[in-house]
Amino acid sequence: MDRTLTHFIAALRNAEVRISPAETLDAMNAVGLVGYRDRAFLKDSLALVLPKTADEKETFDTTFDQFFSFEDLAGQSVAVDGDGDGEDGEGGGEGQGQGEGLGGGKGSPGKGKKSKYAAAEEEEEEDLGPGAMAEPRSALARLLMQEGTTELTMRMAEAAEEADLTQIQVFTQKGLYTRKIMDAMGLADLVREIAELRASPQVPERRLGQELKRRRDWLRELVRDYVERQFLLHADATGRRLREDLLQKVKLSNIEHRNFRLIQEIVLRMAKKLAALHSRRRKVFKRGQLHVSRTLRHNMSYDGSIFDLHWKSVKVDRPKVFAICDVSGSVAAYARFMLMFLYSLEEVMPKVRSFAFSSDLAEVTELFERNKIEDAIAKTLRDYSGGSTDYGQAFQDFRKLCMDEVDNRTTIIILGDARNNYGDPRTDILKEMYDRSKRVIWLNPESRNTWNVGDAEMRKYTAYVHQAEECNSLVHLNRIVGNLLRAVA
């Protein structure tokens with residue numbers, strides 16, 4: 001049987017599209033007639049014989065697009081045919097790659113983005129300054145230093161095929177397959193070249209060694225994300241519990257739209273569990289001013305004898321929570337699930353006021369009061385995700401809108417990657433928020449070792465927050481919101 005079609009049908013079954021042996025044979029006949037060259041024609045043909053219900057058709061479309069195409073590392077979509085060749089004939093593979101362009105911009109390796117795996121070998125970098133670099137020698141080094149990244153993406157897909165990534169079974173194999181793919185891409189030669197370059201007396205060679213080390217760590221992070229998505233596509237996660245467990249651990253940015261319904265169920269279940277945990281009984285006071293009427297009422301059964309004393313308690317105003325969410329493209333997935341989490345806890349969470357921004361900031365609290373959670377989130381992302389990210393402008397808008405309402409009962413949660421496109425970070429406003437509020441919590445979806453590279457301003461912002469946490473999965477979100485509830489209960 002055609003290996004590509006076999007893998008695709010396995011991916012559909014894993015996505016809970018029911019496909020019988022007879023339908024598999026029909027799909028083989030369809031592929032035999034139309035071939036793989038015309039991608040749109042192939043998709044329409046298979047759509048006639050494989051999915052049956054409306055939900056299955058939606059899942060089929062998503063799975064087909066993910067399986068038969070990938071994005072190059074600069075974000076350009078590149079179609080792949082069934083033989084693993086790209087449209088330009090340079091080779092490819094199944095699934096998707098991800099990342100930012102090598103030439104710069106948000107999260108660019110040229111700005112020094114590092115993988116968390118590189119933390120153990122971190123050492124103080126020699127400041128060589130800008131200038132000429134030597135020419136790379138190994139094949140992988142040449143790919144990493146190229147301005148165009150399509151070839152690097154295709155090489156990663158080919159390496160995944162060599163490592164037989166479609167056979168991944170459990171989430172704990174992610175590290176193993178990441179290493180296999182890196183080895184197949186030529187990691188050993190690259191590591192030797194980096195070591196030789198960094199030991200060289202020539203400044204251009206040491207400068208190249210530093211740059212290759214940064215780009216190697218960036219590539220490792222991309223390969224890990226690639227393996228995560230391929231695991232969701234190919235792993236035999238037939239058990240619903242296993243699927244839910246892995247969705248809680250995967251980066252929220254890697255979750256496909258077809259899994260959103262299940263993710264919503266997981267979030268609501270987590271929220272219900274947290275609500276049950278933190279729904280405290282009202283504290284019984286043992287001293288203070290006597291509550292006469294309640295004392296008499298509760299002692300009527302004792303013929304007026306006073307056995308049980310009841311004391312007046314002072315009502316304490318519930319704390320206020322302000323959620324400020326960066327909803328620009330790179331952070332939108334995380335904002336979606338944090339807002340869903342906060343508004344699913346309305347029974348125990350203090351009143352939440354929500355603000356969204358990419359450049360200008362606006363309050364979206366009324367959207368959540370008038371609409372269902374999913375609809376409010378969708379409208380927020382649609383209306384406020386455009387524009388160039390500007391944290392300084394967002395802080396200015398927050399000051400105008402409601403800084404006067406921030407007091408020592410206020411908890412401010414900021415969700416964002418702190419990448420400010422080299423604009424004014426306005427740390428003075430964040431300091432004012434810090435001084436006036438009870439607590440400022442910053443949730444950053446990026447790994448900690450990328451917080452201070454490129455246009456990120458986390459080094460400046462962390463000086464004026466009470467707590468800064470990495471938050472890019474439901475596990476992180478559940479822990480952080482649980483800690484928040486303990487603090488505000």
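**Strands β3 to β6, aromatic pairs and a nonpolar patch**

Strands β4 and β5 (residues 361–363) pair in the antiparallel sense, over 3 bridges. The model is predicted. Strand β4 also pairs with β3, in the parallel sense and over 6 bridges. The points below cover these strands, the aromatic pairs around them, and a nonpolar patch on the surface.

**Strand pairing**

- Between β4 and β5 there are 3 residues, and the two strands form a hairpin.
- Within this hairpin, F357 stands opposite L361 in β5.
- On the β3 side, V321 stands opposite V352 in β4.
- I324 has F355 as its bridge partner in β4, and I324 also stands opposite I414 in β6.
- Strand β3 pairs with β6 (residues 410–415) in the parallel sense, over 6 bridges.

**Burial of the strands**

- Of the 7 residues in β3, 6 are buried, which leaves the strand mostly covered.
- Strand β4 is largely enclosed by the rest of the structure, because 6 of its 6 residues are buried.
- In a regular strand, side chains alternate between the two faces of the sheet.
- In β4, V352, S354 and A356 point one way, while R353, F355 and F357 point the other way.
- Both of these sets in β4 are buried, R353 included.

**Aromatic pairs**

- The structure contains 13 aromatic pairs.
- One of them joins F322 and F398: the ring centres are 6.0 Å apart and the planes stand at 70°, so this pair is edge-to-face.
- F322 belongs to strand β3 and F398 to helix α16 (residues 391–402), so the pair ties together parts that lie 76 residues apart in sequence.
- F322 and F398 are both buried.
- F357 and Y391 make another edge-to-face pair, because their planes stand at 80°, with ring centres 5.1 Å apart.
- This pair also links distant parts of the chain, with F357 in strand β4 (residues 352–357) and Y391 in helix α16, 34 residues apart.
- F357 and Y391 are buried as well.
- One aromatic cluster takes in F357 and Y391 together with F395, W442 and Y461.
- F357 therefore has two roles in this picture: it is a member of the pair with Y391, edge-to-face at 80°, and it stands opposite L361 in the hairpin strand β5.

**A charge over a ring**

- K180 places its charged end over the ring of Y177, at 4.8 Å from the ring centre.

**Nonpolar surface patch**

- L290, V292, L296, I306 and L309 make a nonpolar patch of about 440 Å² on the surface.
- One of these residues, L309, lies in the loop between α12 (292–298) and β3 (320–326).
- What is the relative accessible area of L309? The value is 46%, and L309 is partly exposed.
- L309 can count towards the patch because its 46% is over the 30% relative accessible area required of patch residues.

Terms used
Residues are numbered from 1 along each chain as its sequence is written. Side-chain values use heavy atoms; hydrogens and water are left out. Patches are made of residues with over 30% relative accessible area and no salt bridge: like charges are joined within 9 Å, nonpolar side chains (Val, Leu, Ile, Met, Phe, Trp, Tyr) within 5 Å. Accessible areas come from the Shrake-Rupley method with a 1.4 Å probe; for residues, only the protein chains shown count as cover. A salt bridge is a side-chain nitrogen of Lys or Arg within 4 Å of a carboxyl oxygen of Asp or Glu. Helices (H or I, at least four residues) and strands (E, at least two) are DSSP runs, numbered from the N terminus. Buried means under 20% relative accessible area, exposed over 50%, partly exposed in between (1.4 Å probe, protein chains only). Rings of Phe, Tyr and Trp (its six-membered ring) pair if their centres lie within 6.5 Å; planes under 30 degrees apart count as stacked, over 60 as edge-to-face and the rest as tilted. A charge sits over a ring if NZ of Lys or CZ of Arg is within 6 Å of the ring centre and within 35 degrees of the ring normal. Two strands pair if DSSP finds at least two bridges between them.
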